[in-house]
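Please open the structure in your viewer and keep the selection tool at hand. The tour proceeds one selection at a time.

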Amino acid sequence: MGAENLAYALTQVVHNFGAAAVLGGAVFALWPASRLGDGRQFAWLILLAWGAQILSGGLFGVTSFYYYGEMPDLSSVAMTALVVKVAAATAGFLLAAVYLARGKEWGHAGVKRSFQGLAALATLALTAAAFLRWFS
Amino acid sequence: MDRSSLNGSDIVRESGFTLKRKINKETIVNQKHFLATLALGFFLAVPATSFGQGKALIISPTDGATLDPLDEIRLSYEVNPGPRGDHAHLYIDGKEVAILRKRKGDYLLETLSSGKRSLCVKVVNKAHVPIGIGQCIQVTVK
């Protein structure tokens with residue numbers, strides 16, 4: 001039981017810090033003062049954080065499967081929340097990657113919209129996470 | 001820092017004076033192997049066996065009971081999640097319909113259509129994974 005709880009807890013640590021970074025990174029780039037001049041650094045942080053979110057999310061499933069041979073049982077509400085969360089994470093990862101690849105060609109307004117989009121996706125993912133947690 | 005090796009021991013010279021620190025390399029290597037083995041064993045040990053204590057009981061309706069859909073049908077249960085479990089899920093015909101957070105209580109079963117129905121209460125962990133403790137019954141709804 002100790003190893004199982006430790007595996008879940010360590011995965012949760014990565015997941016929690018990833019969640020903090022995807023939202024905090026995007027918001028802090030925009031507010032209270034604009035730091036979009038350092039947008040690439042923020043985008044790297046957000047890209048890595050989304051990657052950590054996706055990997056640790058998958059690791060929850062792997063841990064469950066390893067210990068019990070099955071995946072979590074989710075209600076329809078929780079399953080919907082999971083789909084929303086995965087979609088937000090994928091979109092956030094891709095948006096950060098596209099910004100890093102092509103962002104230099106974008107104007108200030110485009111960069112600002114990108115970070116607003118990243119903040120919105122992070123908010124959506126964190127909101128879905130709450131429903132996933134408590135409707136399962 | 002100047003290091004010289006003398007038959008498995010190190011003499012470390014620092015800042016103009018010599019610290020004779022005897023380090024048995026073999027012991028360190030053995031300790032590292034021991035810790036690595038211990039850590040690996042910790043992670044791999046007891047994956048799906050010995051789920052330990054815990055129970056889930058469906059007190060009513062009883063297995064094989066015939067139920068009248070016009071009556072209020074309540075499922076009465078008692079759950080002890082044990083060391084690995086956290087709460088329980090209720091399933092009708094394999095579909096999760098409720099989360100049972102109380103250890104003992106009852107749940108109003110709504111809209112049970114006629115025919116044979118399977119009712120299950122399963123203990124799950126914090127990640128909502130069934131941990132192998134549960135009870136299922138069959139009832140017939142008129």
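The stops below begin with one helix and end where two chains touch.

This is a predicted model, in which local features need pLDDT of at least 70 and side-chain atom pairs count only at pLDDT 80 or more, while totals for chains, interfaces and linings use all residues. Residues are numbered from 1 along each chain as its sequence is written, and chains are lettered from A and ligands numbered from 1 in the order in which they are written.

Select α2(A) (helices are DSSP runs of H or I of at least four residues, strands runs of E of at least two, numbered from the N terminus). Its 30 residues should span 44 Å, at 1.5 Å times one less than the number of residues; the end C-alpha atoms are 43 Å apart, which agrees. After α2(A) comes A:Gly69, with a positive phi near 70°.

Next, colour the buried residues of α2(A), including A:Ile46, A:Trp50 and A:Tyr68. A residue is buried if 20 or more other C-beta atoms, placed from the backbone, lie within 10 Å of its own, exposed if 12 or fewer, and partly exposed in between. Their cover includes α1, α3 and α4 of chain A, together with β11 of chain B.

Now select A:Ala122, which touches A:Val22, A:Leu23, A:Ala26 and A:Gly92, residues up to four places away in sequence not being counted. Contact requires C-beta atoms, placed from the backbone, within 7 Å.

Finally, show both chains: 16 residues of chain B are in contact with 16 residues of chain A. On the chain B side, β11(B) gives the largest share, three residues.

Methods: Two residues are in contact if their C-beta atoms, placed from the backbone, lie within 7 Å.
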